[in-house]
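User: I should like to learn how contacts, burial and salt bridges are read from a structure. Please take them one at a time.

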Amino acid sequence: MKVAIVLVLVVLAMVQLAIAGRIEQQGGVTCGQVDANMTPCISYLTQGGEPSAACCSGVKTVNGMAQSADERKTACNCLKAAANRYANLKDAAAQALPSKCGVSLNIPISRTINCDTIS
C-alpha cells in the first residue's frame, strides 16, 4: 500500500513538472507571474470602482511580458483560469480594466475567451 501511494505521488509530481515545462516552453510567461501581477486588481474586478495604481502596474507588467503570440496565449489562459476562480468577477470591469489603466492589452480578461484565437 505504501509503495502504491509513493508511486501515485511520483506520477503526480512528474505530471506537474511536465505541465510547468510546457508553460515555460510556450514563451516563459507563467500563471504564477500573471497571478502575482494581477492580484492587486481583484478588488476592482469584483467590486468595481477604479483600479489601484498597483493594479495598473500589474496590468502593464503582464502586457510587457506577453510579447509573442505564444506568450499572449499563455497569459490569456492564465487570465481565463484566474477569472473563473472568482464567481463575483464583474465582466464589465474586466473588459474596462486595460483602458482604465491606459494600456492597450491584446489579451482579453474573460471567463469564456478561446485563447487559441489570440495572435
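User: Which residues does Ile113 touch, not counting residues up to four places away in sequence?

Analyst: A contact is called when heavy atoms lie within 4.5 Å. In this predicted model, Ile113 touches Cys76, Lys80 and Pro108 under that sequence filter. Ile113 lies in the segment after α6 (91–100). Lys80 is 33 residues away from Ile113 along the chain, yet their C-alpha atoms are separated by 7.1 Å.

User: Is Ile113 buried or exposed?

Analyst: The term buried applies under 20% relative accessible area. Ile113 has 18% relative accessibility and therefore counts as buried.

User: How many salt bridges are there?

Analyst: The criterion is a side-chain nitrogen of Lys or Arg within 4 Å of a carboxyl oxygen of Asp or Glu. The count by this rule is three. One of them joins Arg85 to Asp35, with the closest N and O atoms 3.1 Å apart. This pair links distant parts of the chain, 50 residues apart: Arg85 is in the loop between α5 (69–84) and α6, and Asp35 is in helix α2 (residues 31–38).

User: Which residue forms a salt bridge with Glu50?

Analyst: The partner is Lys100, the closest N and O atoms being 3.0 Å apart. Glu50 sits in the loop between α3 (42–47) and α4 (53–65), while Lys100 belongs to helix α6. Glu50 is exposed at 60% relative accessibility, whereas Lys100 is partly exposed at 38%.

User: Where do Arg111 and Asp91 lie?

Analyst: Their side chains meet in a salt bridge at 3.3 Å, N to O. Arg111 is in the segment after α6 and Asp91 in helix α6, so the pair ties together parts 20 residues apart in sequence.

Conventions:
Residues numbered from 1 in each chain as written. Predicted model: local features only at pLDDT ≥ 70, side-chain atom pairs only at ≥ 80, totals over all residues. Heavy atoms only, no water. Helix = DSSP H or I, 4+ residues; strand = E, 2+ residues; numbered from the N terminus. Buried < 20%, exposed > 50% of the residue type's maximum accessible area, 1.4 Å probe, protein only.
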